[in-house]
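Q: I have a new structure open and I'm not sure how to read it. Could you walk me through some of its features?

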Amino acid sequence: MIKKNNWKGWLYLAPIIILMAVFTFYPLISTFSIAFMKDYDYIKQTSAGFTFDNFAIVLGLAPTNPEAPVELQGYVTDVVRYAIPNTAIITFVTVPLSIIIALAIAVGLNSIPKFQKIFQTIFFIPYVTNSIAVGMVFAVLFDYNGIVNFLLGTMGREYAWIDLGAPTWKAMIALCIYIIWSSLPFKILIFLSGLAGIDKQYYDAAKIDSAGKFKTLMHVTVPLLSPQILYVMITSFIGAFKEYDSVVGLLGKPGTDATKNMYTVVYYIYDTISQNNVHYGSAAAVLLFVVILAFTGIQFWVSKKRVHY
Amino acid sequence: MEIRLKHLTKIFPGNPKKNIPDTHAVEDLNLTIPDGKLYALLGPSGCGKSTTLNMIAGLSEPSSGEIWFGDEDVTDLSPEKRGIGLVFQNYALYPHMTVYKNVAFPLTNLRVEEKVKDANGNDVLDEEGKPLVKKRKLTKIEIDKLVRETSKIVQIEEYLWRKPSQLSGGQQQRVAIARALVKHPRVLLLDEPLSNLDARLRLQTREEIRRIQKSTGITTIFVTHDQEEAMSISDEIVVMKLGVEQQAGIPQEVYNEPANRFVANFLGTPPINFFHGEIRGNKIYIGDAMVKEITDKTLPDQKVTVGIRPEGIVPSEKGVLPFHIDQIITQGRDIIIQGDHPLETRPCKFVVDAFTDVKVGDIHCEVKPHKCFAFSLEGNEERIA
Amino acid sequence: MSNKEQLPVEETQNERGGFASFLKKTKAAAQGAFQSIAKALHRFTSAGRYEKMLASPEYKATSVKGMVLVLQESGQSVKAIERAQKAGRVVSLVVTYAFIGFMALVVLFPFYWMIITSLKSTTEIRQTQQTFFPNTVLWSNFVNVFKWFDFVTYLRNTVIVGIISTLGTLVTTILAAFAFARLEFKGRDFFFILILATMMIPGEMMVITNYITVSYLGWLDNVIGVFSAMIVPFWVSVFYIYLLRQNFKQIPNELYLAAKVDGKSDWSFLWQVMVPLAAPTIISIFILKLMGAWNSYVWPNLVASKDEWRLITNGLRNSFTTTTGDPQYGLQMAATILVTVPLLLLFIFFRKYIMRGVGRAGIKG
């Protein structure tokens with residue numbers, strides 16, 4: 001019986017095995033190896049041998065053009081100068097803020113007696129929109145003569161948020177607001193399903209124990225929601241590290257201009273393809289992978305103590 | 001503190017669209033629960049006893065009626081302001097907190113009242129001449145001492161640093177009691193506290209509850225469907241059926257003088273035996289056998305249900321009631337005899353002590369008059385004799 | 001006698017012990033250091049602070065005998081507490097509704113602004129006095145937008161890519177989920193965990209090589225190739241396999257055994273029993289995947305080099321990035337409405353499936 005099933009099982013899996021072999025497992029190995037190849041050229045499929053320099057160059061530890069005179073050897077790359085700080089800011093601003101806001105909305109929604117379903121649907125709408133399209137809408141909102149400046153009473157080019165001439169920090173605020181806006185629905189939905197799973201008797205117990213509303217929230221609701229919070233935290237950290245669509249949607253081309261730079265790590269990786277510098281891109285991708293893995297690992301490790309299952 | 005329930009009623013609305021009628025969980029309940037006593041709400045499931053408890057706790061809002069704690073009407077007061085302790089049926093211990101934190105949690109929400117002292121250590125008086133009192137939060141040290149003091153009473157000191165999931169049912173139950181007791185509540189409420197325990201632990205724990213109640217003197221109300229449990233530890237009980245009070249009083253009195261057939265049937269193991277009977281000339285008959293003479297009043301001749309407690313039937317040569325014995329169950333101290341009365345379809349059970357000489361077959365039995373009751377066939381089947 | 005025999009053994013031990021004892025000493029030293037560090041740090045842990053509290057003189061001095069524990073509100077009359085409680089309830093309800101309502105406005109505002117901007121003239125959009133409703137409702141943006149934005153072509157491309165990639169995904173997902181949920185074969189669990197592990201890997205790891213692969217396959221310079229490149233790599237979705245496998249597992253085993261007894265093959269059991277029973281999940285997958293195709297940007301942007309091969313999202317971004325001078329926001333917003341409305345329609349009709357599919361993700365925990 002089991003023997004007969006043996007080949008049959010693999011037959012059912014054949015489509016995904018073939019597809020994953022070509023488009024998942026092979027690329028994984030290939031990207032790893034390209035990351036260690038010197039001057040890899042994907043069009044000619046040539047390389048000058050094994051090297052660790054790609055990582056060093058991406059991280060700004062080695063000169064990008066060793067043949068040039070010393071004073072022209074750029075050590076600090078765009079990755080170090082822009083992509084890593086930008087990505088870090090996006091990650092560490094949007095993730096905590098969006099989790100707190102989503103939690104507040106979910107708890108609020110859970111406590112209101114009427115219109116719960118309608119609000120729930122409203123809060124979910126951003127999930128079903130196109131991030132590029134809505135990014136363009138936010139670009140209109142944050143135009144120097146747009147509604148945001150109008151409401152702040154600061155119309156005019158000198159108050160630009162994202163247009164030419166705007167400083168990086170203002171563009172970053174606009175970007176973070178957009179990212180938080182678009183990441184709320186998923187989090188709210190997850191938190192709501194988590195809240196629905198909390199036994200009502202813990203709230204009764206908290207009432208009997210004379211705990212106030214805020215205390216109940218902090219000492220009962222949040223700890224009992226910790227599995228959902230951990231899940232949302234991990235997924236949104238990963239998402240924030242890879243932020244790209246929202247940048248493109250809001251800013252068009254996020255490259256450098258005179259006053260601001262919204263380069264991100266993932267943008268750099270894609271950029272290397274058109275520049276035929278994929279060995280740098282691969283190195284950056286491997287680094288991104290390691291960082292994500294480390295972050296997920298740390299969160300699981302921390303959660304062992306903090307998360308109640 | 002004395003608790004009074006006045007015309008307490010709880011109606012769960014049905015759904016007229018789906019033809020679901022309203023449920024009357026509790027109807028016009030009037031009870032006085034005396035100060036410092038252990039009081040049991042007893043009845044089969046669905047009798048409204050848990051709903052009553054939840055209304056006393058404030059977790060459920062009465063449809064009408066009032067709840068008084070001492071001389072305060074607390075009907076509309078929310079549970080967090082009532083100062084009660086409640087042990088939930090499933091304990092509802094916070095799963096993410098250690099036992100210590102579970103017990104300490106209520107204390108973090110309370111204040112301690114202290115008299116204000118002046119520099120010489122004398123009480124400061126207010127305008128009316130009463131000592132001035134000040135409220136403050138408890139310190140960590142005070143919380144720790146109170147937690148330890150309570151843990152000692154319920155004997156959970158060894159488990160303070162464990163999570164509830166690492167405890168057995170009995171231990172969890174004690175933690176739940178500690179959490180309810182630690183804040184020195186005005187009232188302690190227990191909702192089926194023993195239902196999740198195994199038989200042995202149940203016996204042990206109910207003695208424990210009794211002991212704790214006696215040592216703290218807190219007015220305690222506890223809900224159970226187990227009549228033995230209620231009878232054995234409570235000072236007073238009330239028997240409920242379908243939301244309506246049947247009888248309240250001291251357990252032994254309720255057992256000895258049941259108000260109606262339901263109460264008689266509900267109390268006692270093995271349960272009371274019922275026979276078709278009648279009253280003729282102020283005497284109670286089963287068939288032709290006269291089982292009891294009514295002396296304290298005069299009743300008209302009528303058909304009745306006769307109930308005889310299992311310990312009220314005694315095998316005897318000169319007995320009047322004929323039985324056919326099917327089965328004899330020896331239980332060490334007692335023997336339970338199962339037999340058929342020729343006029344009844346349901347078998348009867350009676351209890352005799354272990355040295356009684358009985359055999360399977362036909363015998364005659366005597367009836368102890370004070371273990372024999374007559375119930376009306378009408379209305380609520382009240383006891384008439 | 002025995003002493004003599006033992007002596008050399010001891011000696012050799014001592015001789016060899018040079019390194020061993022060094023190791024031992026080092027280990028002991030390390031342990032000691034570790035312990036003292038742990039001790040030093042212990043003070044800062046909650047257990048350490050707790051012990052410190054127990055040892056403090058205040059602890060001994062404190063007595064809880066005769067302590068009067070009261071509620072925060074004690075001393076007030078029941079009526080006063082009830083009044084405060086009622087007021088508190090009203091205030092918290094008002095605050096909650098205000099917060100929820102405000103956030104709902106924030107969430108909806110971009111959509112509102114998108115709509116009214118699409119109905120405004122460029123001069124009205126750019127004027128310093130912003131209007132919350134167009135002075136003159138201008139429908140011409142919706143006519144003119146087709147000059148800039150080849151909506152019909154992009155829509156056709158997107159629908160083709162979306163449908164084919166979704167159907168392909170469904171087939172591979174159903175087959176794989178069935179194998180993982182019902183069939184027994186060696187290596188099944190290992191392989192399942194292996195592919196689950198790939199969910200941890202960021203897609204950026206694959207993009208570079210996949211681009212090289214499709215260019216090597218010659219898929220970048222012709223219609224069929226580009227469409228294949230936009231479809232084929234996305235025929236596998238590990239997450240949906242996981243989702244459907246969980247669903248298949250919930251179907252009672254008795255049904256499978258009964259089908260076996262009836263002489264049904266695995267294949268017909270899968271399509272006649274399992275798939276209909278798991279229909280809600282499959283519909284959820286279908287819609288979410290379709291939405292994914294509609295929203296995909298990065299990969300199609302890499303492989304679709306010609307404008308007429310582009311998908312809707314790339315078309316949208318590219319149509320309005322290169323314009324010089326003042327951006328024509330009216331036209332842009334008209335285009336974004338064209339892109340957004342189909343998704344919203346999908347949401348309106350399949351809200352239940354979408355929300356359930358997304359919500360399921362959280363339950364897996």
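Q: What percentage of the 365 residues of chain C count as buried?

A: Keep in mind that this is a predicted model. To call a residue buried, we look for 20 or more other C-beta atoms within 10 Å of its own. In chain C, 32% of the 365 residues pass that test.

Q: How do I read the overall form of chain C? What is its radius of gyration?

A: The idea is to set the chain beside a compact globule with the same number of residues. For 365 residues that globule would come out near 21 Å, but chain C has 35 Å. Along the principal axes, its C-alpha atoms fill a box of roughly 110 × 75 × 60 Å.

Q: And what is chain C built from, helices or strands?

A: Chain C has 17 helices and one strand. You can also ask how far apart in the sequence the touching residues are. Among contacts in chain C with a separation of 6 or more, 72% join residues 24 or more positions apart.

Q: Let's zoom in on one helix. How many residues does α9 of chain A have, and how far does it reach?

A: Helix α9 of chain A runs over residues 213-224, which is 12 residues. From first C-alpha to last, α9(A) reaches 15 Å, close to the 16 Å expected at 1.5 Å a residue.

Q: Which residues of α9(A) are buried, and why are they on the same side?

A: Here's the general idea: an α-helix has 3.6 residues a turn, so residues three or four places apart point the same way. In α9(A), the buried ones are A:His219, A:Val220, A:Thr221 and A:Leu224. They share one side of α9(A) because they cover an arc of only 160° around the axis. On the other side, A:Phe214 and A:Met218 are exposed. As for what covers the buried residues, that includes α3 (78-111) and α8 (200-208) of chain A.

Q: Now the interfaces. How many residues of chain A are in contact with chain C?

A: For an interface, count the residues on each side, then see which elements they come from. Here 80 residues of chain A are in contact with 74 residues of chain C. On the chain A side, helix α1 (residues 2-34) gives the most, with 21 residues. By class, that side has 54 nonpolar, 21 polar and five charged residues.

Definitions and conventions
Residues are numbered from 1 along each chain as its sequence is written. Chains are lettered from A and ligands numbered from 1 in the order in which they are written. This is a predicted model: local features need pLDDT of at least 70, side-chain atom pairs count only at pLDDT 80 or more; totals for chains, interfaces and linings use all residues. Helices (H or I, at least four residues) and strands (E, at least two) are DSSP runs, numbered from the N terminus. The expected span of a helix is 1.5 Å times one less than its number of residues. A residue is buried if 20 or more other C-beta atoms lie within 10 Å of its own, exposed if 12 or fewer, and partly exposed in between; C-beta atoms are placed from the backbone. The arc is that of the directions from the helix axis to the C-beta atoms. Two residues are in contact if their C-beta atoms, placed from the backbone, lie within 7 Å. Ala, Val, Leu, Ile, Met, Phe, Trp, Tyr, Cys and Pro count as nonpolar, Asp, Glu, Lys and Arg as charged, and the others, Gly among them, as polar. The radius of gyration is taken over C-alpha atoms; the globule rule is 2.2 Å times the number of residues to the power 0.38.
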